[in-house]
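Please open the structure in your viewer and keep the selection panel at hand. The stops below indicate what to select next and what is found there.

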Amino acid sequence: MTTTPLPDPPTMTTGPTQLTLPDGRRLAWTETGDPQGRPLLWFHGSPSSRLDAAPGGPFSKQLADLGVRLIGADRPGYGLSCSHPGRTLLTAADDTAALADALGLDRFAAAGWSGGGPVALAVAARLGHRVTGVAVLAGLAPPHLAGHEDLAETALFELALSDPTSLYAQLHSLAEVMRTDPFTAALSMLGDHLGEADLAAVSEPAFAAAMAASLAEAARGDLVGYGQDLTTLARNWQFELADVRQPVLLLHGRQDGIVPLRHGQAVAAALPDATLTTTDDGHLSVVSHLPGLAATLVGEPARTRSTT
């Protein structure tokens, strides 16, 4: 009888917020809230970065007061994480498992915003009992359930499927602006789709500063990660929503002009155990509900694996 050796475990390198995955790629992460709190893994939007969960962010104090440890990683091609051509939602889930192992987390909750919503669901489907619950804020639905015709980034989704070379050339130009003037870049993409609630959110200095920092960091690698997200989300997700057995809290704004409400409704209808709540929010302002969702998700104490 022969046995297949297990891959080497991920190892921490170059500081406490980066690790090397078994295939040699670098994965960067950060965290905020209560460092001894109950863990919630955060999956950023598209485009965005790990800096959504940076210390000193607009929700850091609330999360700390609630006993929540919010951990966010750059998906491949964003920020400081290495690109991963051909990645899927399930490979993203495998990266998440490696990060949780490196941090000694046995069980944790998962939450994702916008393009990070499908990642959170994939993590729940892939990792099963390790994920205690899921929250999705303004998340996309699989293409076979809702398509991408009414998304704000419809043209980019179409390029991802038909002309990847043109897509990455366009994203390269967008990244050049986003690194130095994130709001101009964001408005060039989404300005016509932002309603009153979103404009009010970005007028708040703390929220605006955090968003600008995260967008600029997302563009560090010419938005290659954004292109990979678009390609991944536009194709078959490689898992079924019916495989997500955990309770899922979905929150979607009725004013969302970037990912319309019907996406949240389609996801809720396809999940075995889902609760959809709608609010008078847009795509950006809905994130203000994160602390409350986090408190609901992490209701049981964290358990850690022994590192000795």
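**A helix pair and two pockets**

Helices H7 and H9 are roughly perpendicular to each other, because angles from 65 to 115 degrees are counted in that class. The model you are viewing is a predicted one.

To see this arrangement, select residues 182-190, which form H7, and residues 205-218, which form H9. Their axes cross at roughly 85 degrees and come within 9 Å. Next, display the side chains at the contact: Pro182, Phe183 and Ala186 belong to H7, while Ala208, Met211, Ala212, Leu215 and Ala216 belong to H9. By class, eight of these contact residues are nonpolar, with no polar and no charged residues.

Now turn to the largest pocket, whose volume is about 200 Å³. Select Gly86, Arg87, Thr231, Thr232 and Arg235, which are the closest to its centre among the 13 lining residues. Which helix gives the most to this lining? Helix H10, residues 224-234, does so with three residues. The lining of the largest pocket comprises seven polar, four nonpolar and two charged residues.

The final stop is the second largest pocket, with a volume of about 150 Å³. Select its lining: Pro142, Pro143, His144, Leu145, Asn236, Trp237, Gln238, Phe239, Glu240, Leu241, Ala242 and Ala270. Here helix H4, residues 143-146, gives the most, with three residues. Colouring the lining of the second largest pocket by class should show eight nonpolar residues, three polar and one charged.

Definitions and conventions. Residues numbered from 1 in each chain as written. Predicted model: local features only at pLDDT ≥ 70, side-chain atom pairs only at ≥ 80, totals over all residues. Heavy atoms only, no water. 1 Å grid on protein atoms, 1.4 Å probe; cavity = no way out; pocket = protein on both sides within 12 Å on 5 of 7 lines; lining within 4 Å. Points joined across faces, edges and corners; volume = space filled by probe spheres on them. Helix = DSSP H or I, 4+ residues; strand = E, 2+ residues; numbered from the N terminus. Nonpolar A, V, L, I, M, F, W, Y, C, P; charged D, E, K, R; others polar. Axes fitted to C-alpha atoms, helices over the stretch in contact; angles between N-to-C directions. Parallel < 35°, antiparallel > 145°, perpendicular 65-115°, else oblique. Contact = heavy atoms within 4.5 Å.
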